[in-house]
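Hi,

Here is the structure I promised to pass on to you. Have a look at it first, and then read on for what I found in it.

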Amino acid sequence: MQLKILLVSAEVHPFAKTGGLADVSGALPPALKKLGHDIRVIMPKYPCTAKAGRKIQSLRIDLKLPGFSQKGSLFKSELSGGIPVYLIKHDGYFKRKYIYGKPGTDYPDSVERFAFFSQAVLEAIKNLDFKPDIIHCNDWHTGLIPVYLKSLYRKDPWFSHTKTLFSIHNLGYQGNFPHSHLKKTGLGESLFREDGIEFYGQISFLKGGLMFADTLSTVSPAYSQEIQTAELGFGMEGILQKRSSRLYGILNGVDYSVWNPKIDPLIAANYGPKSLSQKKHCRDDLIKTFSLRLNKKTPILCMITRLSEQKGIDLIMEAKDALDEQDISLLILGTGSAQYESFFKQWSRDRPDRIATVLKFDESLGHRILAGSDMLLMPSRYEPCGLTQMYALKYGTVPVVRAVGGLKNSVQEFSPETGKGTGFKFKTPQAKFFLKSLQKALSCFDQSKTWKKLMLNGMAKDNSWESAAKQYLRLYRKSP
Ligand code: ADP
């Protein structure tokens with residue numbers, strides 16, 4: 001039976017992106033459509049949505065919301081394959097430079113912004129005459145949707161057959177706000193209780209999703225277990241343990257129409273497993289762009305990442321002196337916390353021939369760095385899935401990662417003896433273990449035959465969305 005699915009997300013590639021959530025929201029829908037389902041997407045209309053190069057039209061529909069005096073309106077665009085992407089317009093809330101706020105911060109009116117968005121989604125569905133079997137919500141910005149459906153909209157016949165799946169892309173971002181903000185959501189005081197949306201005296205959008213959605217998922221099998229522990233549960237572990245029979249882990253896929261060195265238009269030269277030698281042009285591109293001075297055999301290491309604590313940047317900082325002693329080059333593309341930004345900036349100032357830092361979000365440079373580098377470093381403290389390491393595999397750029405979350409599921413430790421495996425992993429989040437793992441990688445890099453085998457192993461991995469989409473369908477159907 002064909003399912004009617006609405007995917008709701010605060011960011012969807014190519015319309016708006018700050019991280020992996022956008023990649024998933026842009027790539028899962030085409031995979032679901034290929035499997036024959038009616039999938040539509042809905043997100044806010046930001047200024048950056050116009051830069052996606054897709055036609056955007058007004059549907060001339062005003063959205064009046066029960067909990068808000070202000071109105072929104074509805075626009076429409078498309079993802080590839082003709083998938084409708086509905087855009088909720090409210091200039092007061094969404095016509096801003098950043099999606100959430102300056103990197104690392106949230107706008108002070110985030111409650112209103114995303115409560116408004118969540119209610120507008122439900123009103124948009126009715127206006128569009130679309131009765132979804134499933135509303136697939138993603139991260140805290142959409143956490144109130146399941147709550148509204150089971151409170152304000154409980155008796156609304158339009159939604160009598162609609163189930164919800166709430167996907168956790170990162171439990172570290174919870175949308176917790178002072179209790180006094182509750183009235184801005186349009187929800188009653190009665191929901192401010194332990195088995196409601198109260199969380200240590202605050203209201204929590206994320207907890208709303210976790211408590212009220214019919215089914216829960218997260219973006220890797222390992223993370224679905226880790227979030228049930230005190231170490232990585234961010235205080236939500238008790239709730240997740242209670243709901244564990246309805247919590248599933250599905251590893252994200254990769255959109256190989258965007259991330260494939262054979263066809264990538266953004267990189268200096270295209271290459272694949274049979275034309276691996278062409279990768280050197282991508283390396284030369286980086287050497288030239290960043291004015292690096294390398295030996296012929298100096299490996300280029302890279303990080304393309306949000307510069308947040310989650311990403312284990314402190315391990316790199318601690319390892320700096322040891323890294324300085326190696327014959328390596330390191331490129332960092334990232335934005336985030338000021339202390340990390342200034343650390344990398346200073347490092348590249350001290351060693352301009354070997355270290356380069358670009359403190360901005362630059363999609364196209366991300367592709368070039370991934371293609372031209374030899375290794376990708378991801379020493380994350382936690383990693384729900386992580387996409388960059390899966391992209392790196394496809395580009396023959398060997399991941400050196402911490403064995404946590406999706407990194408654990410998507411990278412297999414390489415053994416030079418058997419020739420099996422795709423990268424290097426360390427368990428304990430300490431600089432000395434990271435360095436040990438990197439050392440193994442560097443020794444393999446010295447043996448070009450072994451290294452080639454390792455690159456080819458990674459490039460042969462198939463992490464396409466098809467398998468993940470099939471697993472999501474099973475979940476949509478499993479919703480009680
Ligand atoms: P997260 O979602 O935690 O940020 P992921 O690895 O799942 O991490 O996804 C990050 C995505 O954002 C990848 O597509 C990565 O290449 C991209 N990315 C992160 N920082 C930058 C940046 N500064 N410039 C370009 N792309 C970036």
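The protein has 16 helices and 18 strands. Its radius of gyration is 23 Å, close to the 23 Å that the globule rule gives for 480 residues, so the protein is as compact as a globular protein of that length. Please keep in mind that this is a predicted model.

Some overall values to start with. The C-alpha trace spans about 70 × 45 × 40 Å along the principal axes of the protein. Of the 480 residues, 60% count as buried. If you look at contacts with a separation of 6 or more, 72% of them are between residues 24 or more positions apart. The accessible surface comes to about 19600 Å², and carbon and sulfur atoms hold 50% of that. As for charges, there are 68 positive and 45 negative ones, and their mean positions lie 5 Å apart.

Next, a strand that you may want to bring up on your screen: β11, residues 215-218. Which residues of β11 are buried on its two sides? Thr215 and Ser217 are buried on one side, and Leu216 and Thr218 are buried on the other, so to speak a strand with both faces covered. Strand β11 has parallel partners in β7 (residues 163-168), through 4 bridges, and in β12 (residues 247-249), through 3 bridges. Thr218 appears in both pairings: Ile168 stands opposite Thr218, and Thr218 in turn stands opposite Gly249 in β12.

Helix α5 covers residues 205-212, and 7 of its 8 residues are buried, so this helix is largely enclosed by the rest of the structure. The buried ones are Phe205, Leu206, Lys207, Gly208, Gly209, Leu210 and Phe212. Let me pick out one residue of α5, Gly209. Buried is set at under 20% relative accessible area, and Gly209 counts as buried because its relative accessibility is 0%. What does Gly209 touch, leaving aside residues up to four places away in sequence? Its contacts are Gly143, Pro146, Phe166 and Leu216. Two of these names link back to the strands above: Leu216 is one of the buried residues of β11, and Phe166 falls within the 163-168 range of β7. The C-alpha atoms of Gly209 and His141 are separated by 9.4 Å, with their positions 68 residues apart along the chain.

For a contrast, try Ser190. Is Ser190 buried or exposed? Exposed means over 50% relative accessible area, and Ser190 is exposed because its value is 56%. Ser190 sits in the loop between β8 (176-178) and β9 (198-199). From C-alpha to C-alpha, Ser190 is 25 Å from Asn138, and the two are 52 residues apart in sequence.

One last strand is β2, residues 38-44, which is mostly covered, with 7 of its 7 residues buried. Asp38, Arg40, Ile42 and Pro44 point one way from β2, while Ile39, Val41 and Met43 point the other way. The charged residues Asp38 and Arg40 are thus listed among the buried ones too. Strand β2 pairs with β1 (residues 4-8) in the parallel sense over 5 bridges. Within that pairing, Val8 has Ile42 of β2 as its bridge partner.

Happy to talk it through whenever suits you.

Best wishes

Note on methods:
Residues are numbered from 1 along each chain as its sequence is written. This is a predicted model: local features need pLDDT of at least 70, side-chain atom pairs count only at pLDDT 80 or more; totals for chains, interfaces and linings use all residues. Side-chain values use heavy atoms; hydrogens and water are left out. The radius of gyration is taken over C-alpha atoms; the globule rule is 2.2 Å times the number of residues to the power 0.38. Buried means under 20% relative accessible area, exposed over 50%, partly exposed in between (1.4 Å probe, protein chains only). Contact means heavy atoms within 4.5 Å. Accessible areas come from the Shrake-Rupley method with a 1.4 Å probe; for residues, only the protein chains shown count as cover. Lys and Arg count as positive and Asp and Glu as negative; His and the chain ends are not counted. The place of a charge is taken as NZ of Lys, CZ of Arg, CG of Asp or CD of Glu. Two strands pair if DSSP finds at least two bridges between them.
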